[in-house]
Each structure stands twice: as C-alpha cells, then as structure tokens.
Amino acid sequence: MQLKIYNSLTAEKEIFKPILEGNVGMYVCGPTVYSNVHLGNVRTFLSFDFIYRTLMHLGYKVRYVRNITDAGHLTDDGDVNNDRFVKQTRLEKLEPMEIVQKYTVDFHKVLEMFNLLPPNIEPTATGHIVEQIELTQKLIDTGFAYESNGSVYFDVLEYNKRGLNYGELSKRNIEELFANTRDLDGQGEKKNPQDFALWKKASPAHIMRWNSPWGEGFPGWHLECTAMSTKYLGETFDIHGGGMDLKFPHHECEIAQGKACNGAAPVHYWMHANMLTMNSQRMSKSTGNYILPMQLVTGDNDFFEKPFHPSIVRFCFLQAHYRSVLDISNDAMIASEKGFIRLMEAVKVLNSITPDDNKESAFSLTEWKNKCYDALTDDFNSPILIAHLFEAVKYIFALNDGKETISTADLEDLKSTLNAFIFDVLGLQTVEENNNEKLDQTLKVLIELRNQARKSKNFDLSDQIRDKLLAEGIELKDGRDGTSYVLN
C-alpha cells in the first residue's frame, strides 16, 4: 500500500515519502486561547486526529506537535490594540494569563469529550519567546527583515527580489498586489503593505510584553509556529496542517520565514481541512447561525431537536472528507445517529456469531479489507472507509439471520479489523448504556406482550406491535432462541 496525500502546495495528490523512513513529523496549528473553541475548530482538529490515528495504524512512528497560541495573535499588524488577548482581558476584566488558562482548559475539555488523542508535544507561544527573538534577529542579519520604531517586519519585496515566491501556497500574485498598493498613503512603519510583523512594539497600555533587542514588545503571530515547529521537528519536516483559513497569510508567512532563515522549504506536505457550515450557511456569531460544541452535545440550542452524544458528532464529521465543506443540520445529525447506532449494533451482534467451517462465504474478507485500506491510503478518505464498513455491517446482519456463513479464522479477523477501524482509526466510542438499557427493558416488555398475544392467537395485536416498532426503526427478529431486535 502506498499512502497518497493531497499537497496544498502543489495542488496534487502525491505519494507520501517521509524524510526518515517509518517516521512522521507533523505540526498542526493549534487554537488561539482567548475564547471558547468553536465547532469549526473542532472539525479541523478532529480531522487531524483521524490523520494522526491513521498514520499510527499504518505503522508510522509519529511525532505530533500542536501549539497553543497564548500571545501575539494580532488581527491587524498595524494596530497593537487589535491583540485578541488584550481585547478579551478588557471584556472579562481578567489578567491575560487568566484568560489563557480559562480557555486552554476549555479547549482540552472539549477535545477530550470528542475523544481526540493529545499531541506528543503541545508548546506555547509564551514559552518560546527566546526562540522567536533569535529568529527575528537572524532574519534582520540576513536582510529579510527590518526594524522600524521598535517593531520588526518581514520584507516581502526583498524576499521576492531574491528569486523566492511569497504567494506560492495561496497562489496569489504578489507582484500585482504590490502594483495595486504602491501609491497608497498611510503605510505607517512598514515599507510595503504586504510586509508582516515579526515583533511588535508594545504600547504603554499593552500588558503582555517582553524585553528584546528592539525594546519591549511581543511576537508576531506567524513567527511562533516557525519557532516551535522547527525546534521540535527540524528545519524541514513532513506534514504541516491547519484550517483552510490559515493558508493565507499565516502558512504563507511560515514558508517565507522558513526559507529565509534556513534556505530550504520548511515542509514537504501542506494539508488543509475545509470549513464547517450549519444549515448550508457559514457559522457566524454576527448572523446568529452559531453553536458551541458543548451546546450540540447538551441540546441547549435552537437548531437541533435533541442532544447528540460526542461520538455521534464525531461520526457525522468523519462522514465528510477533511478537504470537503461539511454542512451539519438537524436532519444530518439524526441520520448520523441512526447510522452510528446500526454500526455499534453490528459490533455487538458480531460477538454472538457462531462460525461455520464447513461452508464458504460469498463475502471476501480479504477483498473488503483491501478496499478499506485503499480508502485510508487515498488521502485519508474517511467517508469511503465508512461506506465499506457498512458493507461489513450488512454481512454481519446476514450472518445473524443465518443467510451467510463465516469460518472461525475469518470471524476473528473480521472482529479485530472492524474494531481497529471503528475504535482505533475513526476514534469512535460506544455510547453510555443508560438510555440503551432503558430501551432494552422497554422492548423486552413489548416483545413479551407480543408473545402473549401470539399465544392467545391475537395475531392482529401481535402484528400491530411488530409493525409500529418497525415504523420507528426497530425490527423484531423471530428465531430459534426467541425474539430479538435490531435498530435500523
């Protein structure tokens, strides 16, 4: 099997060739912890959790680094008052590191709820100020950056003059941008509007500040990821991931910083997860089309008719490819819940199957496994993998009905393979049994009432119970050992 990855830099699927055979260095841009993590962020981190799990399942030793941005995230390089942490400290009347702690805890709590594995290393921007100052000085020394009034900026025009290409990832024509903005006034400290901050001078009111060769200030947002990724993964590493919204300017700036500092492309494979929409519209606080992850799980919202277990939400997210736009709605979540329940019921049923070594099955386990791995290695295609899992589900229920057979060896192989795909790779978890136990007890009562009706030859009542349950997606199965039920 050859793993193929869609590389955003080349816009093509490429055969994955790690720098060090059998090992993968992967960096994913983490959250800016000034507010609650939103559902779109969860989708991105969940996508890379699936990728991380898949790489390990395929036998790679992975060093997964995901940072925490706890300083320096400016929404506008030209105005230090647009620091998101400064804004939030004023709103909540808390110290900056109280804001950081509060929302870092929330971030970890939410990701744990959705069963995301922690990264191997989770560095913070504030923990790597020294490294960022050193990189900034190196860029000044090599002529790629300049100091202006206590701030330091990356010189994009100088970068392009040296035969490098700022805009190669986002496919933007920087020369045209320069031409369109050349005559603009009010560029302030920057030589060119496209230049971006490596270090910003702190205003007197700015709380988060550190000493530097250029005076007191704080790091620019883009530099932190270059500092942390190269420290833990080397000057060139395998995979860099993040949301589609980070492609420009954040990841574009990282490429420029890496090439300017080290003379080589920092990353071999750039991967970007696409956006999440709700009810076919962009999620936005300003429009009211917005929901927090916890609200989806608790049901405390006006968009969904009921709460949904985190594993059902995870299952819904993985039914779309990470590079596709994912739209969630009440109908989509209800459908995902039904699919999830049927998948978990198949796992349960499989454990009660009795093998038969005297007959051959029409279901080719080897062929099925190959198709599953083809999906996994084709740019981590989770929806195709899930479709193949439901081929096995259909086979499992046919086994349960006595319409198919399976050998002892194939049964054990199917159990281990299915469990690996569902629980290890997809990262799904069984739903708490509380509601299932109540459902089970209720159905046992209805099955007993139906059995009594049949004994009394009250077939109208017996059929009515069966048909009404079937209309609700619960199919009764009459067998030699009594009546059982399957959720459809």
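Helices, such as the H1 discussed below, are DSSP runs (H or I) of at least four residues, numbered from the N terminus. The structure treated in these exercises is a predicted model.

**Exercise 1. Describe the protein as a whole.**

Solution.
Step 1. Take the secondary structure: the protein contains 16 helices and 15 strands.
Step 2. Take the extent: the C-alpha trace spans about 95 × 50 × 35 Å along its principal axes.
Step 3. Take the burial: of the 488 residues, 51% are buried, where buried means under 20% relative accessible area.
Step 4. Take the contacts: among those with a separation of 6 or more, 73% join residues 24 or more positions apart.

**Exercise 2. Determine which elements line the largest cavity, and what classes of residue they bring.**

Solution.
Step 1. Count the cavities: the structure has two of 30 Å³ or more. The largest holds about 50 Å³ of space.
Step 2. List the lining: Thr226, Ser229, Thr230, Phe237, His240, Glu254, Ile255, Pro266, Val267 and Trp270.
Step 3. Assign the residues to elements: helix H7 (221-233), strand S9 (237-243), helix H8 (247-262) and strand S10 (267-273) each provide at least two of them. The greatest contribution, three residues, is that of H7.
Step 4. Sort by class: five lining residues are nonpolar, four are polar and one is charged. Since Glu counts as charged, the charged class here is represented by Glu254.

**Exercise 3. Establish which helices and domains enclose the second largest cavity.**

Solution.
Step 1. State the volume: the second largest cavity has about 40 Å³ of space.
Step 2. List the lining: Arg43, Ser47, Phe50, Phe317, Leu318, Ala320, His321, Tyr322, Phe380 and Ser382.
Step 3. Identify the elements: helix H1 (39-57) and helix H10 (310-318) are those that give two or more residues to this lining. H1 has the largest share, with three residues.
Step 4. Assign the domains: domain 1 (4-273) and domain 2 (277-424) each supply at least three residues of the lining.
Step 5. Sort by class: six residues are nonpolar, three are polar and one is charged.

**Exercise 4. Characterise the conformation of the annotated sequence motif.**

Solution.
Step 1. Locate the motif: an unreviewed UniProt entry lists residues 31-41 as a short sequence motif, the 'HIGH' region.
Step 2. Read the secondary structure: over residues 31-41 the chain is 27% helix and 0% strand.
Step 3. Take the end-to-end distance: the C-alpha atoms at the two ends of residues 31-41 are 8 Å apart.

Notes:
Residues numbered from 1 in each chain as written. Predicted model: local features only at pLDDT ≥ 70, side-chain atom pairs only at ≥ 80, totals over all residues. Heavy atoms only, no water. UniProt positions renumbered as here; feature names shortened; annotations may be inferred. 1 Å grid on protein atoms, 1.4 Å probe; cavity = no way out; pocket = protein on both sides within 12 Å on 5 of 7 lines; lining within 4 Å. Points joined across faces, edges and corners; volume = space filled by probe spheres on them. Domains from an automatic or database assignment. Buried < 20%, exposed > 50% of the residue type's maximum accessible area, 1.4 Å probe, protein only. Contact = heavy atoms within 4.5 Å.
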